[in-house]
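User: Could you take a close look at one small part of this assembly for me, and then widen the view to what lies around it? I would enjoy a connected walk-through.

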Amino acid sequence: MQLLKKIKQGSPGWFLLTAGIILLLLIPNLNIIINLFGKAGENWEHVRDYLLINYFQNSLILVLASGLLAAFLGAGLAWIIAAYDFPGRNFLSWGLILPLAIPPYIGAYVYQGMFSYTGPLQTFLRNDFQLQLSQQYFDFMNIRGAIFIYTIFLFPYVFLMTKAFLSRQSASLLESSRLLGKNDSTIFFKIILPLSRGAVVAGSSLVMMEVLNDYGVVKYFGISTFTTAIFKTWFGMGDLATAVRLAVMAMLVIFVLLFLEKLLRGGRKYSYSTSNIRPLSRRKLKGSKKVLAQFFCYGVFFFGFLLPTIQLLYWSFLSRGGELLGTLNFALTSFLTGGGAAVLILTGAVIVATTARMSSSFISNLLARITILGYSIPGAVIAVGVLLFMLQLDQIFLFLQTGFGIEINLVLSSTLVMLIFAYAVRFMGIAFNSVNSGYQKIGESYFEASRTLGKGVTETFFKIDLPMLKPALMSGFLLIFIEIMKELPLTMILRPFNFDTLATKAFEYASDEMIYRAADLSLVLIFFSTAAIYLITHHRRRKNNAVEN
Amino acid sequence: MQLKIDNLTFAYNKKEGNIVENFNLEVQKGEVVALVGVSGSGKSTVLRLTAGLEIPDSGKISIAGQTAAGDHKFKAAEKRKVGMVFQDYALFPHLSVEKNIAFGIDHLSKANRKARVRRLLELVNLEGFEKRYPHQLSGGQQQRIALARTLAPGPELLLLDEPFSNLDAELKDKIRRDLNEIIKDVGVTTILVSHDREDAEFMQAREVLMS
Amino acid sequence: MRKLIVLTVLIGLVFSLGTSVLAAEEVNLYTNRHYDTDEEILDRFTEETGIEVNVLKGDSDQLIERIAREGENTPADLLITADAGRLHRAKTRGILQSVKTETLTQNVPVNLKDQDNYWYGLTMRGRVIVYAKDRVDPSDLAGYADLTSDQWQDEILVRSSANIYNQSLLASLVSIYGEKWAEEWAAGIVDNMARKPQGNDRAQATAVAAGEGDLAIINTYYLGKMINSDNPAEVEVAKSLGIHFPEGKYGTHVNVSGAGVTKYAPNKKNAVKLLEYLSSASAQKYFASANYEYPVNPDVEASELLQSWGDFKAQGINLTELGVHNEAAVKIFNRVGWQ
């Protein structure tokens with residue numbers, strides 16, 4: 001009844017389009033899940049008896065430790081940036097997002113390369129100080145190393161969300177605590193952390209999903225996790241059924257995490273408080289506190305961005321430049337694919353989010369869940385689900401052509417369409433969230449005002465919603481763009497002929513240990529992502545200034 | 001009869017019960033009516049139902065003799081010719097004052113449109129503000145622009161949602177006076193919602209108490 | 001309405017991207033190789049034959065899965081992967097077809113191709129033992145079997161069992177000595193490991209130089225790569241290592257990267273031409289040396305670097321055996337806890 005009411009209120013066209021998009025997103029996943037109901041794969045018992053506990057332990061340790069450390073690091077930094085003023089703060093407030101520009105697998109190669117026996121650190125110690133230390137001090141390729149990599153390159157998710165949350169909090173909250181005689185660390189642990197729990201948990205659950213889905217780092221470090229196990233059983237043993245079972249177990253872990261997140265957030269949602277409140281005023285730091293804050297923030301920036309970049313520059317220099325033309329070519333492919341796909345995905349997300357806005361909260365929650373599904377499923381699983389779907393479509397086209405003589409001449413599998421579609425399945429959730437939070441910021445009254453002024457849903461969308469969504473669309477576009485630039489498993493499995501992106505090429509070189517050749521490509525990739533992050537943060541800043549004026 | 005509401009019932013959420021129950025109201029053409037009640041009494045919801053922003057669970061709404069809701073019919077908000085001034089004004093921030101006011105009358109020719117915008121700005125005493133943007137206006141100015149925008153298409157019914165709640169005491173008196181003048185000037189049938197009975201008295205409106 | 005039109009145009013645009021323009025003469029290559037020199041070889045093939053080569057690169061296992069999923073509609077004509085075990089897997093998945101031509105028979109030795117001609121080896125590498133020159137007397141080394149002896153307690157470095165090279169090595173031992181022997185051997189290696197398996201073959205070689213252990217099991221081409229590295233420290237590491245080719249009755253484990261024509265190849269004729277070209281004397285030299293590997297074509301000499309390592313005797317088994325025993329090998333690894 002409620003649904004019917006809403007459909008009447010909205011426009012059937014939007015609902016139909018949304019239903020179509022949702023169906024498209026679901027089919028590839030269903031294709032895979034169907035395999036679960038068949039009989040267990042031939043290797044299932046073997047995997048269960050000898051390997052499962054190991055996968056489970058490793059995945060859990062990685063996910064929880066990285067999630068927790070990223071939460072503390074991200075929240076702590078967000079607090080420092082939001083509450084204090086010190087030289088360099090302006091730069092750090094976006095500089096600390098930059099580690100996100102470096103894909104964790106590239107970070108892993110760089111750090112391993114740096115600390116290895118043949119890396120610059122040990123070579124330097126050996127040649128200049130005749131110092132040869134036990135290798136265990138430099139042992140990076142283990143769970144601890146992986147946790148470090150994930151934490152240092154993924155914490156910005158927590159940082160971003162917590163910082164945004166804190167910037168909307170009232171200054172009087174802090175001032176009253178200070179007046180009550182609490183010192184800053186008490187305020188952080190007793191007031192700020194519990195208050196921003198929702199944002200911290202949301203950010204760190206993003207980190208945990210990324211960790212659980214990561215393939216590059218764990219493969220390189222030789223750590224067995226669910227993701228490597230899925231690859232191993234599926235592609236190594238050719239046993240889809242067992243791989244799907246593992247994938248479903250990984251998804252269960254995700255669902256438990258999401259449930260915990262809900263629990264930890266205490267059912268509270270962000271309230272986009274109006275501009276009436278006086279935002280946090282930053283306190284100027286002096287003396288040793290200033291130095292400490294700078295040391296900490298710049299330290300994180302150094303390890304999360306500067307050091308790896310410098311190392312890559314050095315390697316790029318060692319490899320004497322590589323082939324500039326080739327690199328530009330891959331950059332162009334990455335750029336066009338990322339940009340084009342981001343536009344398409346965002347278009348879909350806008351349609352779905354607009355419908356969600358016109359719907360009951362139940363429906364809009366459901367839509368949010370479905371769109372985020374692709375983000376929680378391992379990339380390899382999506383890849384094969386999409387491949388199967390496209391093959392089915394091709395079959396249908398072929399059938400229409402031969403059966404009815406309809407001239408279609410269309411092959412989707414092995415084309416760019418297939419890859420872009422897979423990106424859509426994976427990143428629709430991010431796009432949806434961007435658009436949706438944009439809508440939440442706008443509120444309902446503009447939409448309603450336009451309706452009472454005689455404009456229908458669709459006209460209102462183009463004249464009011466779309467222009468007002470621009471900042472949200474812009475940052476959504478850039479976020480997806482960065483994700484696609486870094487994306488690996490889908491691109492590796494589904495790419496069309498003669499297709500190389502910066503990420504795949506860098507990974508190929510790196511996994512061949514031609515890390516010097518990988519360096520150029522990684523640098524270009526990092527440059528693009530950095531530029532995108534700069535645009536996001538500075539676009540928002542300009543916007544904020546305009547409102548304040 | 002400009003507005004007739006029969007046995008109107010509505011709930012946002014079945015579990016929380018009806019916020020509007022068997023509500024009846026008749027408003028004559030040119031009349032000014034004030035719905036007065038505490039928050040949660042459903043007065044704003046009646047406005048939203050009248051405007052077509054919510055769909056009633058049962059009951060009937062007729063505007064200028066035509067059924068807007070009820071009898072298994074539902075007229076969408078954009079087809080009702082009902083104007084509404086929102087509590088937060090909802091001026092489109094990306095459009096200039098001129099474009100905001102012209103938003104509902106883009107079926108007119110360009111010259112007619114311009115003339116009408118100018119006339120409305122005169123009416124609300126804000127001549128020369130065409131090129132400004134909403135964020136460059138004070139709260140009182142924003143409200144008057146919102147009113148001008150709402151009046152532009154010549155609505156059958158004007159709805160004002162808590163028009164004085166965002167204003168400080170000093171400004172309030174002036175705004176009430178201005179608003180009253182404009183409404184009487186245009187002669188539009190008006191329903192306003194307020195939690196303050198003083199507002200109703202000031203606007204010389206017929207009071208309808210809601211509980 | 002306007003929206004609908006925009007949408008239709010958009011969808012149309014997407015679909016037009018979907019249709020691939022087909023050239024007159026072409027061959028579609030699915031390959032896991034990504035060496036820059038490959039492009040030159042393929043370009044030369046196009047020059048000589050007029051056949052365009054479309055390349056789709058990817059991980060070997062994923063390419064196999066993809067061809068299997070694409071079924072009869074696969075655009076793939078020729079599949080190149082890095083390991084005989086995988087080629088065998090492709091054969092048993094039913095995605096290859098038997099091809100036999102005089103040229104191929106001449107160019108590829110019989111033990112380096114599939115028994116039923118479903119695939120042909122193109123380049124060959126050995127999986128050898130490298131040792132620290134300053135600590136190990138090469139005369140103490142005696143092949144794979146000896147690695148489990150007590151003298152190598154905590155001295156052996158080897159990568160994870162997830163790696164196909166280790167799987168194929170163990171598969172070859174299963175084929176030669178039987179499953180029981182192989183399991184004992186694998187357990188013995190686990191006992192003698194200097195550390196938990198981590199990193200790739202190059203990391204093992206580096207660890208030997210760093211003194212973490214005395215011996216490492218690696219593929220020959222890694223040594224070639226290190227000697228030619230841009231990083232002087234790596235060159236130094238490579239120079240400090242000696243190479244031991246297991247001898248005796250059964251010799252050194254060799255493996256190939258090779259190619260097979262897919263079962264539903266739309267351009268079969270061209271695929272065979274390309275396969276023949278890659279095995280020909282003129283292409284072999286470059287194709288093999290790109291990755292510091294041995295050419296399979298007996299008429300072609302290995303590169304100078306590889307010749308300097310000396311001759312060796314390869315295991316006598318047909319490489320098909322590596323695929324046949326792969327599953328047994330994987331399960332043994334899991335049972336003995338070789339991570």
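Where is A:S196 found in chain A?

Analyst: Happy to. Please keep in mind that this is a predicted model. A:S196 sits in the loop of chain A that links α11 (184–195) to α12 (197–213).

Let's begin with the surroundings of that residue. A:S196 counts as buried because 24 C-beta neighbours lie inside 10 Å, and the cut-off for that label is 20 or more. Leaving aside residues up to four places away in sequence, A:S196 touches A:A75, A:T162, A:F165 and A:L166. A:K163 is also worth a glance: 33 residues separate A:K163 from A:S196 in sequence, while their C-alpha atoms are 9.2 Å apart in space.

Those partners lead us to a pair of helices. A:A75 is one of the residues with which α4(A) meets α9(A), and A:T162, A:K163 and A:L166 are among those on the α9(A) side of that contact. Helix α4 of chain A covers residues 52–83 and helix α9 of chain A covers residues 156–166; their axes come within 8 Å and cross at roughly 40°. That angle is why α4(A) is described as oblique to α9(A). The crossing of α4(A) past α9(A) is right-handed. From α4(A), the contact also includes A:A70, A:A71, A:G74, A:L77, A:A78, A:W79, A:I81 and A:A82, and from α9(A) it also includes A:P156, A:Y157, A:V158 and A:F159. By class, the residues of this contact are 13 nonpolar, 2 polar and 1 charged.

Now for the chain as a whole. Chain A holds 25 helices and 2 strands. Of its 549 residues, 52% are buried, and A:S196 is itself counted as buried. Taking the contacts in chain A between residues at least 6 apart in sequence, 84% join residues at least 24 apart. The contact of α4(A) with α9(A) brings together residues such as A:A75 and A:T162.

Next, the neighbours of chain A. There are 2 pairs of chains in contact, and chains A and C share the most contacts. Chain B and chain C do not touch, their nearest C-alpha atoms being 17 Å apart.

On the side of chain C, 46 residues are in contact with 44 residues from chain A. Elements of chain C that each supply at least two residues to this side are α1 (2–18), β2 (52–57), α3, α8 (201–209), α10 (232–239) and α15 (326–336). The largest share, 6 residues, comes from α3(C). In all, the side of chain C that touches chain A divides into 13 nonpolar, 17 polar and 16 charged residues.

Helix α3 of chain C (residues 60–70) also packs with helix α4 of chain C (residues 84–92), at an angle of about 10° and with the axes 10 Å apart. The two helices, α3(C) and α4(C), are therefore roughly parallel to each other. Here C:S60, C:D61 and C:I64 in α3(C) meet C:R86, C:R89 and C:A90 in α4(C). The residues of that contact are 2 nonpolar, 1 polar and 3 charged.

Turning to chain B, 18 of its residues are in contact with 17 residues of chain A. Strand β7(B) gives the largest share of that side, 3 residues. The side of chain B that touches chain A has 12 nonpolar, 4 polar and 2 charged residues.

Strand β7(B) deserves a closer look of its own. In β7 of chain B (residues 82–85), B:V82 and B:M84 point one way, B:G83 and B:V85 point the other way, and all are buried. This strand belongs to an open sheet of 5 strands in chain B, with parallel pairing and the order β7-β8-β9-β3-β10. The edge strands are β7 and β10 (206–209) of chain B, each pairing on one side only. From one strand to the next, the twist averages 20°.

At the β7 edge, β7(B) pairs with β8 of chain B (residues 157–161) in the parallel sense over 4 bridges, and B:G83 has B:L158 in β8(B) as its bridge partner. At the other edge, β3 of chain B (residues 32–36) pairs with β10(B), again in the parallel sense over 4 bridges, with B:A34 opposite B:E207 in β10(B). Finally, helix α4 of chain B (residues 139–151) lies across β7 and β8 of chain B and runs at about 175° to β7(B).

Notes. Residues numbered from 1 in each chain as written. Chains lettered and ligands numbered in written order. Predicted model: local features only at pLDDT ≥ 70, side-chain atom pairs only at ≥ 80, totals over all residues. Buried ≥ 20, exposed ≤ 12 C-beta atoms within 10 Å, placed from the backbone. Contact = placed C-beta atoms within 7 Å. Pairing = 2+ DSSP bridges. Axes fitted to C-alpha atoms, helices over the stretch in contact; angles between N-to-C directions. Parallel < 35°, antiparallel > 145°, perpendicular 65-115°, else oblique. Left-handed = near helix turned anticlockwise from the far one by under 90°. Nonpolar A, V, L, I, M, F, W, Y, C, P; charged D, E, K, R; others polar.
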